[in-house]
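User: Could you take a close look at one part of this model for me, and then set that part in its wider context? I would enjoy a connected walk-through.

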Amino acid sequence: MVTDVTEVVEQVMPSIVSITNQSITSVDSFWGQTFEQEQESAGSGIIIGENDTELLVVTNNHVVEDSTNLYIKFIDDEVVNAYIKGTSPSMDLAVVAIKLEDIQQATRDAISIATMGDSDSLKVGEPVIAIGNALGYGQSVTTGVVSALNRTLEVSETGTSNALIQTDAAINPGNSGGALVNEYGQVVGINSAKITETDYEGIGFAFPINEALPIIQELMQYGHVTGRAALGIQGYMINEAVAAMRRMPVGFGIEAVDPSSDLASKNVVAGDIITYINDKQVTSYDVLANELAEFKPGDTVKLTIYRSSSSGGAGRSFEVNVVLIESAGE
């Protein structure tokens, strides 16, 4: 166990920033009138890279959404204007850019680009450190362990389920977009207080960096997500415990099907469960996502679908060959 994390924090802190988002919100008055007022919210970000003209920071999309003005505060307390480079609302990711010419040389010397780790190699019980702008008070550090991996939760704001890292390191409002790092100072996850706030106590969640990086790289390069293959569905993972309780197979439960997708033409409907993709059992969201990542729009994959019986009897399984569509760019 890591008990003294000072060296790790000193290594990582120059790559973490505080984000202030100024936005306009509509407020209903006591007399039933609606008016607009400016509000300010706080979040965190990770310096992910730079190009010829910009320094690039990754954060959560909900940290910067509806922004009218964005400000980045670096480790030396220098504050500069920033702007949104690109967003992926469905993954709750965003890349924010700062013009290099707006950053003083002293600040350039003080900051650093974060080192990425391998979230796929994480083990339950492994020590982790959360760094971010907790409660908007400035950068702070909390420690804990990896409590669980591939934790799947329904995220109402994005309409998707995500295979998440669960940790007991405190993640509070303002920590969103900050780094979850391992004992070597490598970023293994992007913290999200948006999820932590929903009826959980002593539990924090982070997006695995391996899952986030392909999205981040496209946002950095293109400003949006392009050319990714998708099935055209929304849903949630059914793990072994839920499967045993509901007497159904492990797999990806379908909640909605895009009417324009090939799945819709094959009469696959909400309530069906994807149990296999190309003969690989769908035991986690990562299995499904990683398999789809090997293909491009227009390619065909084979799915095994389980459908419950409407009469309450035994369900049935069937196979369909499905032509993949292009993701919606989110």
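Is lysine 296 buried or exposed?

Analyst: Happy to take a look, and please keep in mind that this is a predicted model. Lysine 296 has a relative accessibility of 53%, and because exposed means over 50%, this residue counts as exposed. Its side chain meets that of aspartate 299 in a salt bridge, with 3.7 Å from N to O. The partner sits on the other side of a class boundary: aspartate 299, at 21% relative accessibility, counts as partly exposed, since buried means under 20%.

As background, side chains of opposite charge can pair when their charged atoms come close. The pair of lysine 296 and aspartate 299 is a salt bridge, and the structure holds 8 salt bridges. Two others make useful companions to it.

Take lysine 73 and aspartate 77, whose side chains also form a salt bridge, at 3.8 Å from N to O. Here lysine 73 is partly exposed at 36% relative accessibility, while aspartate 77 is exposed at 54%.

Then there is the salt bridge between the side chains of aspartate 272 and arginine 307, with an N to O distance of 2.7 Å. Aspartate 272 belongs to the loop between α7 (262–265) and β16 (273–277), whereas arginine 307 is part of strand β18 (residues 300–307), so this pair ties together parts that are 35 residues apart in sequence. Both ends are covered: aspartate 272 counts as buried at 2% relative accessibility, and arginine 307 counts as buried at 18%.

Lysine 73 also leads to a neighbouring topic, valine 79. Once the neighbours within four places in sequence are left aside, valine 79 is in contact with Tyr71, Ile72 and Lys73. Valine 79 is found in strand β5, which spans residues 79–88. With a relative accessible area of 47%, valine 79 is partly exposed. There is a longer-range relation too: the C-alpha atoms of valine 79 and isoleucine 103 are separated by 8.9 Å, although the two residues are 24 apart along the chain.

Now to the nonpolar interior. The largest nonpolar core has 28 residues, and those with the most contacts inside it are Ile46, Leu93, Val181, Val187, Ile190 and Ile216. Elements that give two or more residues to this core include α1 (6–12), β2 (34–50), β6 (93–99), β10 (179–181) and β11 (187–191). The most comes from α5, with 6 residues. For a closer view of one member, valine 181 is in contact with Val8, Val12, Val128, Ile129, Gln186, Val187 and Val188, leaving aside its neighbours within four places in sequence. Apart from this core lies another one, of 21 residues, among them Leu231, Val268, Leu288 and Phe318.

Finally, the chain as a whole. Its secondary structure comes to 8 helices and 20 strands. Of its 330 residues, 47% count as buried. Among contacts between residues at least 6 apart in sequence, 60% join residues at least 24 apart. The protein chain exposes about 15,900 Å², and carbon and sulfur atoms supply 46% of that area.

To return to your question, lysine 296 counts as exposed, and its side chain is joined by a salt bridge to that of aspartate 299.

Conventions: Residues numbered from 1 in each chain as written. Predicted model: local features only at pLDDT ≥ 70, side-chain atom pairs only at ≥ 80, totals over all residues. Heavy atoms only, no water. Helix = DSSP H or I, 4+ residues; strand = E, 2+ residues; numbered from the N terminus. Buried < 20%, exposed > 50% of the residue type's maximum accessible area, 1.4 Å probe, protein only. Contact = heavy atoms within 4.5 Å. Salt bridge = Lys/Arg side-chain N within 4 Å of Asp/Glu carboxyl O. Core = buried A, V, L, I, M, F, W, Y, C linked by side-chain atoms within 4.5 Å. Areas by Shrake-Rupley, 256 points an atom, 1.4 Å probe, with all protein chains shown as cover.
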